[in-house]
Amino acid sequence: MNGASYARVRRMNNPMPAAQPQAPRLTRGWRSGRGMHVRCRSQAGYLTLVVVLVVGAIGLAVAVALLLLGSSATRTALAVQQSAQARMFADSCAEEALQQIRSSTSFVGSGSLTFGADTCWYNVTNLSGQSRLITASSTVGTIVRKVRVNLDRINPQINVTSWQEVDGF
C-alpha cells in the first residue's frame, strides 16, 4: 500500500480529523465562550469570598452594637426604677417621723421602716423650741436617696417649712 492509499483508508475509517487541543484565550481576566463574556472562575470565587466576609463583618458589628445598646438600656431602666423606689422609701420614712411627732410632740430620736428587702432610716432632731429637723435616707440596690425636712412649729399644727432631697446630711 502506497502513501496515498493509506491516507484514503485512514480518512474512510476516521472521517473526522483528530482535534488539536487549544489553550484558552484570556483577555484581561475575561474568557469568551459562546458569545458571552464570563469572569474566570478563580477570580470570581475570590471576589465572592471577600464580599461574603465584608457583609458578615458588617452584620456582626451591627449585632454587637444592638446587644450593647440593649444591655445599656436595661441597666439604665433598672437604675431609674431603683432611684424612684429609694426616693419613695425616704419620703415614707420622713412621713413616719412626722407621725411620731404628731403622736408625741416631745419625740426626738430615730427609727426605721422595712419594705421587703429594703429599709429606710429617719432621725428627728430638736433644733430649739418647736423647731425640728427630720433627716431620712433609703438605699435600694446601689442607689441612695436622702431627704431633709424642716419644721418651724409642731403645736397646735405641724408646719413644714421645707422638704428637700439632699446629697448628704
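**View 1. The open sheet of the predicted model, formed by five antiparallel strands.**
In this predicted model, five strands assemble into an open sheet in the order β4-β5-β6-β7-β8, and the pairing is antiparallel. The edges are occupied by β4 and by β8 (residues 159-166), each of which pairs on one side only. From one strand to the next, the twist averages 15°. Strands of a sheet pair through backbone hydrogen bonds, either parallel or antiparallel. In the wider context of the protein chain, the secondary structure comes to two helices and eight strands, and from the N terminus on these elements run in the order α-β-β-β-α-β-β-β-β-β.

**View 2. Strand β6 and its pairing with β5.**
Strands β5 and β6 pair in the antiparallel sense over nine bridges, and within this ladder Val124 stands opposite Ile134 in β6. The two strands form a hairpin with two residues between them, and Gly129, which lies in the turn, has a positive phi of about 55°. Strand β6 is mostly covered, with nine of its 10 residues buried.

**View 3. The hairpin of β6 and β7.**
On pairing with β7, strand β6 again takes the antiparallel sense, over nine bridges. Two of the facing positions can be followed here: Val140 stands opposite Ile143 in β7, and Ser137 stands opposite Lys146 in β7. Two residues lie between the strands of this hairpin, in which Gly141 takes a positive phi near 65°.

**View 4. The largest nonpolar core, with contributions from helix α2 and from the sheet strands β5, β6 and β7.**
The largest nonpolar core contains 19 residues, of which Ile101, Tyr122, Val124, Ile134, Val149 and Leu151 touch the most other members. At least two residues of this core come from each of α2, β5 (118-128), β6 (131-140) and β7 (143-153), and α2 gives the most, with eight residues. Val124 and Ile134, both listed among the core residues that touch the most other members, are also the two residues that stand opposite one another in the pairing of β5 with β6. For the protein chain as a whole, 22% of the 169 residues count as buried.

**View 5. The surroundings of Val149 and of Thr161.**
Leaving aside neighbours within four places in sequence, Val149 is in contact with Ala94, Arg132, Leu133, Ile134, Val160, Ser162 and Trp163. Thr161, which is found in strand β8, lies 12 residues from Val149 in sequence and 7.7 Å from Val149 in space, C-alpha to C-alpha. When residues up to four places away in sequence are not counted, Thr161 touches Asn150, Leu151 and Asp152; of these, Leu151 is one of the core residues that touch the most other members. Thr161 counts as partly exposed, at 46% relative accessibility, a value that falls between the limits of 20% for buried and 50% for exposed residues.

**View 6. The stacked aromatic pair of Phe89 and Phe115.**
The structure holds one aromatic pair. The ring centres of Phe89 and Phe115 are 4.2 Å apart and the ring planes stand at 5°, so the pair is stacked, given that planes under 30 degrees apart count as stacked. This pair links distant parts of the chain, with Phe89 in helix α2 (residues 41-103) and Phe115 in strand β4 (residues 109-115), 26 residues apart. Phe89 is buried, with a relative accessible area of 7%, whereas Phe115 is partly exposed, with a relative accessible area of 27%. Across the protein chain, residues 24 or more positions apart account for 34% of the contacts with a separation of 6 or more.

**View 7. The cis peptide bond in the loop between β7 and β8.**
The peptide bond from Asn155 to Pro156 is cis, with omega near 5°. Pro156 lies in the loop between β7 and β8, and β8 is one of the two edge strands of the sheet. For the surface of the protein chain as a whole, the accessible area comes to about 12500 Å², of which 58% belongs to carbon and sulfur atoms.

Terms used
Residues numbered from 1 in each chain as written. Predicted model: local features only at pLDDT ≥ 70, side-chain atom pairs only at ≥ 80, totals over all residues. Heavy atoms only, no water. Phe/Tyr/Trp six-rings, centres within 6.5 Å; stacked < 30°, edge-to-face > 60°. Helix = DSSP H or I, 4+ residues; strand = E, 2+ residues; numbered from the N terminus. Buried < 20%, exposed > 50% of the residue type's maximum accessible area, 1.4 Å probe, protein only. Core = buried A, V, L, I, M, F, W, Y, C linked by side-chain atoms within 4.5 Å. Contact = heavy atoms within 4.5 Å. Pairing = 2+ DSSP bridges. Axes fitted to C-alpha atoms, helices over the stretch in contact; angles between N-to-C directions. Areas by Shrake-Rupley, 256 points an atom, 1.4 Å probe, with all protein chains shown as cover.
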